[in-house]
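Here's a quick briefing to read with the model open beside you. Take it one topic at a time, and look up each spot as you go.

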Amino acid sequence: TRVALVTGYFPLCRSDKDEGELELALPEYVISQMISATHTTNCHLDRIIAVDLHAPQMVMAGPTGLITELTLIRLVLKRAIEDARAAGETVCLAFPDDGSAKRTGRAIDALEKELSMHLPVVCGIKRRASSTETELKQLFGATDSLRGSTVLCVDDEIATGGTNIKSARVIKEQYGASRVHAVVTHAVLCGDAPSRFLDPNCAVDRLYVTDTIPVESRRALLPLVETGKLVTVRWSEELGVSLYHHHWDLSIRELR
């Protein structure tokens, strides 16, 4: 019997940096526990399907070929772009670094073709202030496209919101952006993130997220949902398609 485990937000996936005494990166331990929990004489864990892994090297944690990444950034980015265009706004994409932009390049190419538009891109140079927050020092790329535009800051997840808000302030004050929207897959939104984004002086005008981490069942997020500041894009259809592809041994990577 084959067992497939689908996880929207993979636990303890932040394996790209040392958290020191604050947190241990334990993806291999988590995977070994998943394998042990499903293993019997006639049963084994055949595949883990995970959405937008925080660290690209996560696909190598565990037996080769066990983890397959499914990306949803195209789904949520499309919604944010369509909303901006409907409001008559020009759009520019901003990524935290060049690596993030390259990972999303395929989705951008597909969206440009689907929406018949050019999407200018800028990337950031950051300095880490702590294990949880970074500071945007400079942007490079199509920076001339930022002035007067709605800037979509694209990333895999949003946690406390501190970095996102600081970056949005820089993009507005130093580069003349009209509006800044955070466009992410995973709505972690922990700690005081809800109050930060509800602050009238918050530089992030709107958040676009998927429901890989439930949103509507979290009371702290309801004011953000009710005011329209938090927009959730459901991934149920993509989940169904990925399960169909897995069942029939079709490529899941090609879905991105």
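S242 sits in helix α8, where helices (H or I, at least four residues) and strands (E, at least two) are DSSP runs, numbered from the N terminus. S242 counts as buried because its relative accessibility is 0%; buried means under 20% relative accessible area, exposed means over 50%, and partly exposed is in between, using a 1.4 Å probe and protein chains only. This is a predicted model, where local features need pLDDT of at least 70 and side-chain atom pairs count only at pLDDT 80 or more, while totals for chains, interfaces and linings use all residues. Residues are numbered from 1 along each chain as its sequence is written, and side-chain values use heavy atoms, with hydrogens and water left out.

**Helix α8 and what follows**

- Measure from S242 to A187 on your screen and you should get 21 Å, C-alpha to C-alpha, for two residues that are 55 apart in sequence.
- V241 also belongs to helix α8, which covers residues 236–247.
- Is V241 buried or exposed? Neither label fits, because its relative accessible area of 33% makes V241 partly exposed.
- From V241 to V122 the C-alpha separation is 32 Å, with their positions 119 residues apart along the chain.
- D249 turns up in the segment after α8, and its relative accessible area of 61% is why it's called exposed.
- The phi angle of D249 is near 55 degrees, which is positive even though D249 is a residue other than glycine.

**Spots in the loops**

- S149 is in the loop that links β6 (134–141) to β7 (150–158).
- With 4% relative accessibility, S149 is classed as buried.
- Which residues does S149 touch? Leaving out residues up to four places away in sequence, they are T90, C92, A177, S178 and R179, with contact meaning heavy atoms within 4.5 Å.
- A polar atom of the S149 side chain also lies 2.5 Å from the backbone oxygen of S145. For a polar contact, look for a pair of N or O atoms within 3.5 Å; within protein, one must be able to donate a hydrogen and the other to accept it, and residues adjacent in sequence count only if both atoms are side-chain atoms.
- S116 is in the loop between α4 (105–115) and β5 (121–128), and at 65% relative accessibility S116 is exposed.
- S116 isn't a glycine, yet it has a positive phi of about 55 degrees.
- R219 is in another loop, between β9 (206–210) and α7 (222–226), and it is exposed, with a relative accessible area of 76%.
- R219 and K229 are 10 residues apart along the chain, and their C-alpha atoms are 15 Å apart.

**A glycine in helix α5**

- G162 lies in helix α5, which takes in residues 162–175.
- Its relative accessibility is 6%, so G162 counts as buried.
- The C-alpha atoms of G162 and D192 are 9.4 Å apart, and these residues are 30 apart along the chain.

**The whole chain**

- How many helices and strands does the protein chain have? There are 8 helices and 10 strands.
- The radius of gyration of the protein chain is 19 Å, close to the 18 Å that the globule rule gives for 256 residues, so the chain is as compact as a globular protein of that length. That radius is taken over C-alpha atoms, and the globule rule is 2.2 Å times the number of residues to the power 0.38.
- Along its principal axes, the C-alpha trace spans about 60 × 45 × 35 Å.
- Of the 256 residues in the protein chain, 46% are buried.
- Take the contacts between residues at least 6 apart in sequence: 70% of them join residues at least 24 apart.
- The protein chain exposes about 12,900 Å², with carbon and sulfur atoms supplying 51% of it; such areas come from the Shrake-Rupley method with a 1.4 Å probe, and for residues only the protein chains shown count as cover.
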